[in-house]
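Reader: Hello! I would like a close look at one part of a model before I read about the rest.

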Amino acid sequence: MSKQFPADQAPVSAGPIPTGPVPPAHWAASYEEEPTQASAPPQANGMTALKPFGWAKDNLFNTPLNTVLTLACLGLLWLVVPPAANWLLLKASWSGSSEACREAAGACWSVIVVKHRLIFFGTYPYDEQWRPFLACALFVAMLGASGVRAFWRPWLAGAWALTLVGMGVLMWGGVAGLSYVPNDRWGGLPITLMLSVFSIAIAFPLSILLALGRQSSLPAIRTFCVGFIETMRGVPLVSVLFMASVMFPLFLPEGVTVDKLLRALAGMTLFTAAYLAEAVRGGLQAIPKGQYEAADALGLSYWQKTVLIVLPQALRIVIPPIVNQFISAFKDTSLVTIVGLYDLLTAATVATTDPEWRPYFAEVYVFAGLMFWIFCFSMSRYSQWLERLANRYTRR
Amino acid sequence: MTENAIIELRKVGKWYNSYHALRDVSISIKKGEKVVVCGPSGSGKSTMIRCINRLEAHQTGHIIVDGIELTDDVKAVEKIRRKVGMVFQNFNLFPHLTVLQNLTLAPIWVRGMAKSEIEEIAMMYLKRVRIPDQAHKFPGQLSGGQQQRVAIARALCMRPEIMLFDEPTSALDPEMVKEVLDVMTELAGEGMTMVCVTHEMGFARQVADSIVFMAEGSIIESGSPAEFFENPKSERTRQFLGQILEH
């Protein structure tokens, strides 16, 4: 190992540069970056081995208060982590009957093994459950693909049209030798996914129109948009869903019925749109007046200005609050249970009503929570990537 | 007033609520004429120039640009905006578009030009403002002087008959003022009709056919640069020139 010199002492010898082992450049660099103290000895090499301890000393034990807090946190972790790990994994029972679970000290994951089809697909006919499975797989695959930049091409719209038709055929059936399954028998994951994705997909463009309308110079449009947004934001989603499913049919002429699922979808869409509209409005207000003026001066029409100049900038700014609303809307789908629809969480609740497995409701809810978490966390991570992409060049 | 005026303001008045921003402003500008508008801040010079392409609406009097009167009629306003290019103090480039996209956007959407055709023209204008190598950068990556030259090129891509400049060098660092003024001087040499609000008196002396001095929303006096600088008529003008030429 070559001996390290501080930078100012190194080239003392005259003559040709020594050809011996030259320390790699990053050593010097890391030496420079090391937070050296004035009295530190020049042989900083020994420090690297102690780095984790050094880091801990600098950051966790640097003051008496921090030392106390660090110890308290460690104590808390010691209290929480081992029992949690034991219950969740180490002492859990992974298969077998409910009797086996009664003897195990940990979680009873067998309940998921036994009940997973009820949780995922609700009351969909048992022998046909490959159909919602396939529909969900197709749907999730398309959602994933739509997030990939290389696929942002016109054919993606065509692929989506095909996917939706395919999902409709799979879920409803009635054609191609598939038995007909009315949508009041759908349940579980397909309901959660479809309600959330469709309501978000329809609410998003609607929210842009509402936000633009709220800033319109035409009083009628502005009043309508403000009234709509404030009404929707002023009532709980539960009451909107009740309105949509119980009261709305009363207004319809006799004989005319609108599907329950569709009514819930409409309620969720309008509710989400109102909240999204306020997020979008925040973006619109962040666009400097000069951008509007430059677009006006170039002769762009209102819609050209809005679509080409204002929205691309405004929407970039509000990616975080918009995704926040998306995540919120995704989780809110579990409220459709109050109008008698079986989303993932409701289906999970139904699964816990089996007397044999009733003691293990906690496991079922942990599992349902995990499902929600997977989708929400994916959205959150995706939005972070999207934000970086959108802001790569346009920092002002 | 003159027959061959391309811009004509007749007794134009404008209020912001109770604040009287323009008081009976009348001015007539011929095709190819270069007019520099100066005056203390709050004198209404920016308001006047912004009325010419109706970024601001006047309330009394008449504004006629190339034979079209500016009214609430949106079609007339759109027609005039196609003929009138504008350069702003703060550049107002579109930060989410590249330099080239900034230049081609309006010609493609407003004039309906083919992308390949306008891109060629845009590159020619970028060469003229001496930044063709920045075509694929984003505005945020350019210096202020470069951004303002892009803004000039963007306006020129619409093939305007009139160019309005609203304090084009006021937001620039001193060392970048010259590169922008050079481009403007060159443009003046090509016969463009120009109305320019600026405090650059050297530029005014060199380029302007006439100088308009405004204060408190009125035109105090106007005349050729020689008259204006050597023999100002009003006390208010002398006072202003004294302040601005001191340093």
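Reader: Could you take me to helix H1 (residues 45-52) of chain B: how many of its eight residues are buried? Then please go on to the empty spaces elsewhere.

Author: Happy to. Please keep in mind that this is a predicted model, where local features need pLDDT of at least 70, side-chain atom pairs count only at pLDDT 80 or more, and totals for chains, interfaces and linings use all residues. Residues are numbered from 1 along each chain as its sequence is written, chains are lettered from A and ligands numbered from 1 in the order in which they are written, and side-chain values use heavy atoms, leaving out hydrogens and water.

Your helix, H1 of chain B, is mostly covered, with seven of its eight residues buried (under 20% relative accessible area, 1.4 Å probe, protein chains only). The buried residues of H1(B) begin with Lys45(B) and then run from Thr47(B) and Met48(B) through Ile49(B) and Arg50(B) to Cys51(B) and Ile52(B). After H1(B) comes Arg54(B), which has a positive phi, near 55°. Helices here are DSSP runs of H or I with at least four residues, strands are E runs of at least two, and both are numbered from the N terminus.

Now to the enclosed spaces. Across the whole structure, a search turns up two cavities of 30 Å³ or more. On a 1 Å grid over the protein atoms alone, a cavity is a set of points where a 1.4 Å probe fits but cannot get out; lining residues have an atom within 4 Å of a point. Grid points are joined across faces, edges and corners, and volume is the space filled by probe spheres set on them.

The largest cavity holds about 50 Å³. Its lining is made by Arg128(B), Val129(B), Ile152(B), Leu156(B), Val183(B), Glu186(B), Leu187(B) and Glu190(B). Two helices of chain B, H5 (144-156) and H6 (174-189), each bring at least two residues to that lining, and H6(B) gives the most, three. Sorted by class, five of the lining residues are nonpolar, three are charged and none is polar (Ala, Val, Leu, Ile, Met, Phe, Trp, Tyr, Cys and Pro are nonpolar, Asp, Glu, Lys and Arg charged, the others, Gly among them, polar).

The second largest cavity, of about 40 Å³, has residues of both chains around it: Ala294(A), Ala297(A) and Leu298(A), along with Met86(B), Phe88(B), Ala151(B), Arg154(B) and Ala155(B). Here helix H13 (289-297) of chain A and H5 of chain B each give two or more residues, and H5(B) has the largest share, three. This lining has seven nonpolar residues, one charged and no polar ones.

Chain A, a chain of 17 helices and zero strands, has 38% of its 396 residues buried. Turning to open spaces, the largest pocket (an open set with protein on both sides within 12 Å along at least five of seven lines) contains about 1,700 Å³. Of its 42 lining residues, Ser146(A), Gly147(A), Phe326(A), Tyr382(A) and Leu386(A) sit closest to the centre. Six helices of chain A each supply two or more residues: H7 (130-146), H8 (154-172), H9 (189-214), H14 (302-317), H15 (319-332) and H17 (361-390). Among these, H17(A) has the largest share, nine residues. By class, the pocket lining has 31 nonpolar, eight polar and three charged residues.

Conventions: Buried means under 20% relative accessible area, exposed over 50%, partly exposed in between (1.4 Å probe, protein chains only).
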